Amino acid sequence: DLEQNEDNTFKLILEDAAGNISASTKIEIEESGDSEEVVVEEEEVIVVTLSDISGHWAEDYIIELVTDGVVEGYDDGTFLPDSPINRAEFTKIVLGALGFEIPETVPESAFTDAPNGTWYTPYTQVAYEEGIVEGYDDGTFGAANYINRAEAVKILLEAAGVDVTESLIEFPDVDEDAWYAPYVATAYSMGIISGYADGNFGPSDNMTRAQVCKVIVELLAQI
């Protein structure tokens, strides 16, 4: 119910029969006298065609993040939900989803493979300065490397400021002494990850674009 003289929040996802999603529809709600008059205006509607997500298990997660402007598809209208994602792309998406302020440029970079002038350097530098990422021993960030599931969970929880605790390990392929074990256990206890049908987590498996959408949506629901 609408309440007068109060802030009322609405979330609308506009999708046509072809699967086209309006990512920038402007909704204006005006109140007049004792009744509410709703005026809907569409301005500069950008239609995002995601031709390969219909029926995909992560369809709802993808649609939510696309409409929120956190992720986007490719110029050919695909999203490629089952494709891997590299460390630079993942870092950008996580920082964007969590509302970090990213400068256009940075005076210096902590990583030799993230020089000034590359699109991802402001993101990797903010992540480094915030203690979210450390990079590798050789001084690189590995921006173009595909991110695996263990690395992704660590970055996600560190970026969100989640207190990582020693929880019971639910996955047979996660050794309790592994560096990533506390992150996986914490993420599982929060309902952010669920693992595979065979009971494994697959820490060294590449994180897919669909999986990224799922863990981010589930995280945002917890914080």
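Which backbone oxygen does the side chain of T121 reach? The side chain of T121 reaches the backbone oxygen of P115, at 2.7 Å. Let us keep that contact in mind and walk through the whole structure, which is a predicted model, before coming back to it.

Start with the overall plan. The protein has 6 helices and 4 strands. If you follow the chain from the N terminus, the elements run β-β-β-β-α-α-α-α-α-α. The protein has 223 residues, and 41% of them count as buried.

Now turn to helix α1, which spans residues 59-67. This helix is mostly covered, with 7 of its 9 residues buried. The buried set consists of E59, Y61, I62, I63, L65, V66 and T67. After α1 comes G69, whose phi is positive, near 80 degrees. A positive phi turns up again at L80, near 55 degrees, and here the residue is not a glycine. That is worth a second look, because most residues other than glycine have a negative phi. L80 lies in the loop between α1 and α2. Is L80 buried or partly exposed? With a relative accessibility of 34%, L80 counts as partly exposed, because the buried class ends at 20% and the exposed class begins over 50%.

Next, the empty space. Rolling a probe the size of a water molecule over the atoms shows where such space is left. In this model the largest pocket holds about 450 Å³. It is lined by 21 residues, and those closest to its centre are V70, V71, E72, K92 and I93. Two helices, α2 (87-97) and α6 (209-220), each supply at least two residues of this lining. The largest share comes from α2, which gives 5 residues. What is the chemical character of the lining, counted as nonpolar, polar and charged residues? The lining of the largest pocket divides into 14 nonpolar, 3 polar and 4 charged residues.

The aromatic side chains deserve a stop of their own. The count comes to 8 aromatic pairs. One of them joins W57 and Y61, whose ring centres are 6.5 Å apart; the planes stand at 70 degrees, so the pair is edge-to-face. Y61 is also among the buried residues of α1. Another pair is formed by W179 and Y180, with ring centres 5.3 Å apart and planes at 90 degrees, so this pair is edge-to-face as well. How exposed are these two partners, W179 and Y180? W179 is partly exposed, at a relative accessible area of 47%, whereas Y180, at 15%, counts as buried. Elsewhere, ring pairs link F111, Y128 and F141 into a cluster.

Rings also take part in contacts with charge. The charged end of R149 sits over the ring of Y196, 4.5 Å from its centre. Likewise, the charged end of R209 sits over the ring of F79, 4.2 Å from its centre.

This brings us back to T121. It is found in helix α3, which covers residues 121-129. T121 counts as buried, with a relative accessibility of 1%, and the cut-off for that class is under 20%. Besides the backbone oxygen of P115, the side chain of T121 has a second partner: it makes a polar contact with the side chain of T118, at 2.3 Å. T118 lies in the loop between α2 and α3. Unlike the buried T121, T118 is partly exposed, with a relative accessible area of 24%.

The loop between α2 and α3 also shows how residues apart in sequence can be placed in space. T118 and T105 are 13 residues apart in sequence, and their C-alpha atoms are 9.3 Å apart. W119 lies in the loop between α2 and α3 too, and W119 is partly exposed, at 46% relative accessible area. How far apart in space are W119 and A88, C-alpha to C-alpha? The distance is 9.2 Å, although W119 and A88 are 31 residues apart in sequence.

Definitions and conventions
Residues are numbered from 1 along each chain as its sequence is written. Side-chain values use heavy atoms; hydrogens and water are left out. Buried means under 20% relative accessible area, exposed over 50%, partly exposed in between (1.4 Å probe, protein chains only). On a 1 Å grid over the protein atoms alone, a cavity is a set of points where a 1.4 Å probe fits but cannot get out, and a pocket is an open set with protein on both sides within 12 Å along at least five of seven lines; lining residues have an atom within 4 Å of a point. Grid points are joined across faces, edges and corners, and a volume is the space filled by probe spheres set on the points. Ala, Val, Leu, Ile, Met, Phe, Trp, Tyr, Cys and Pro count as nonpolar, Asp, Glu, Lys and Arg as charged, and the others, Gly among them, as polar. Rings of Phe, Tyr and Trp (its six-membered ring) pair if their centres lie within 6.5 Å; planes under 30 degrees apart count as stacked, over 60 as edge-to-face and the rest as tilted. A charge sits over a ring if NZ of Lys or CZ of Arg is within 6 Å of the ring centre and within 35 degrees of the ring normal. A polar contact is a pair of N or O atoms within 3.5 Å; within protein, one must be able to donate a hydrogen and the other to accept it, and residues adjacent in sequence count only if both atoms are side-chain atoms.
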